[in-house]
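Work through the exercises below with the sequence and the model side by side. Try each task before reading its solution.

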Amino acid sequence: MTPLVYVLEEQVRDLLSQTGDDVQLVDGVAFGFDDWTVFHAYTEKPSSTPSGYVCPCFATHADSAGFLDEEKLMMQIRRRVDPDGLPIVILIAGTGAGSSPSCRALIVTEKGVAGADTRFVPRRSELYSRNTGILETSALAEKKVVIVGLGSGGSPIALELARAGVGHFTLIDFDRLELGNISRHVCGVNDLGRYKTLAVRDQVLQKNPYAQVSTMEVNVNQALSQVEDTVAACDLLIVASDNDQSRFNLNQMSLNNNKVALYGRAITRAAGGEVLRVRPWKGPCYNCVFSSGTVAGREEEMSQKRQALAVLPAYVEEDKINAMIQVGLSSDIAPIANMVAKMALVELSRGIETGMTTVDEDLVSDFYVWANRREEAYANWPRMGFKWTHPSILRWYGARVDRDPDCLVCGGHLEEEAKP
Ligand SMILES: [Zn+2]
């Protein structure tokens, strides 16, 4: 088959804007797949860690008259690189019909020079054309989301929002990817040992190469002012961390800065989970709900050794610690992460007429409960059967939760005193 070369349209435009009739050679980089039949070529280092086998790439453009001396170009390239058996990708930018950019590609191998087909990876607007009508992606591109916790819950949420076209992310987590995380995480063995933040950033950029992603490898509880500055600048705070202390701290920040926050968590072995939406001063805060007896008693899923160490005395043996780590299935985490992602899109689309508007009319509750299996807190729930009038597994339930007038965090503030 004719080799196929993918190029970022914006990089070709940048190359063309470097005018001048001298044939300038730009050092790029390309990645090959499937026995060097498919290439991803870049004029500069890609923003996310790429995959594929690396090979040399050079980019240039024709002169203003559309002329390029290919013989001279080949001599220049042969002087600069000894490919050691690897193919060399050459990109030649030009101007096509209607002054739109065009790009030719050549693949140089030991057998000679062959032409390749090129495809543009388009600009942002075209990337999300299939979301049109349901989501307003141009508006979402301006939105800033902070996600705390990039584990099995937070990482798929980040990816869903990237797919929807959300443009700005701050990812906060201080854990690294371990082997035990892989089966439930969006990242794979290629990312072992990396910070979850940086590995997820790469995944986000794979879905939305135009997203702005910043990361903070900090423990929220030890970097309060740094995290609060970030929360103050966001449109939505998503909390998928695995400990109550961070959630209480983030709740305070969400209220201080009047930012809507979504909290998602799985309970023991992901038998089920909960999602809480906090609209500061307009509904219950995290403390109103989770310091009361009703839901505080449900034991949280414990998936990290660090969590177990935090609650066990120091002298406990290794196998006891490991026995405490009880992970749930990825498919049991997915509904909870998906609900958070949907509620996030509803919040971010607020005020814009989209396909999400009717969903907003339904999500009147601030607290949602999901059960994966009839065990733990859901052990006595009736079997699903054919009825829909009783609580059963694999359905979302909105529960009425109210502001606690005695809440230590938001109590005592009357509506008329509400922050702007
Ligand atoms: Zn409260």
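**Exercise 1. Read the spacing of the zinc donors along the chain, then describe the site.**

Step 1. The zinc donors are spaced as C-x2-C-x118-C-x2-C along the chain. The model is predicted; local features need pLDDT of at least 70, side-chain atom pairs count only at pLDDT 80 or more, and totals for chains, interfaces and linings use all residues. Residues are numbered from 1 along each chain as its sequence is written, and side-chain values use heavy atoms, with hydrogens and water left out.

Step 2. Ask what the spacing joins. C285 sits in the loop between β13 (272-278) and α9 (286-290), and C407 in the segment after β15 (396-399), so this pair ties together parts 122 residues apart in sequence. Helices (H or I, at least four residues) and strands (E, at least two) are DSSP runs, numbered from the N terminus.

Step 3. Name the donor atoms. They are SG of C285, C288, C407 and C410, at 2.2 to 2.3 Å from the zinc ion. Donors are N, O and S atoms within 2.8 Å of the metal (3.2 Å for Na, K and Ca); water is not among the atoms, so sites may look incomplete.

Step 4. Assign the geometry. The angles among the 4 donor atoms run from 93 to 119 degrees, and the site is tetrahedral. Four donors earn that label if all angles lie between 85 and 135 degrees. The ideal angle for four tetrahedral donors is 109.5 degrees.

**Exercise 2. Decide whether C285 and C407 are buried or exposed.**

Step 1. Set the cut-offs: buried is under 20% relative accessible area, exposed over 50%, partly exposed in between (1.4 Å probe, protein chains only).

Step 2. Apply them. C285 has 1% relative accessibility and counts as buried. C407, at 5%, counts as buried too.

**Exercise 3. Classify the ring pairs W36–F39 and F248–Y286.**

Step 1. Count the pairs. The whole structure holds 10 aromatic pairs. Rings of Phe, Tyr and Trp (its six-membered ring) pair if their centres lie within 6.5 Å; planes under 30 degrees apart are stacked, over 60 edge-to-face, the rest tilted.

Step 2. Take W36 and F39. Their centres are 6.0 Å apart and their planes at 20 degrees, so the pair is stacked. W36 is partly exposed at 30%. F39 is buried at 0%.

Step 3. Take F248 and Y286. Their centres are 5.2 Å apart and their planes at 75 degrees, so the pair is edge-to-face. F248 lies in α8 (residues 244-256) and Y286 in α9, so the pair ties together parts 38 residues apart in sequence.

Step 4. Extend the picture. Ring pairs link F248, Y263, Y286, F290 and F367 into a cluster.

Methods. Tetrahedral: all angles 85-135°; square planar, octahedral: opposite > 155°, others 65-115°.
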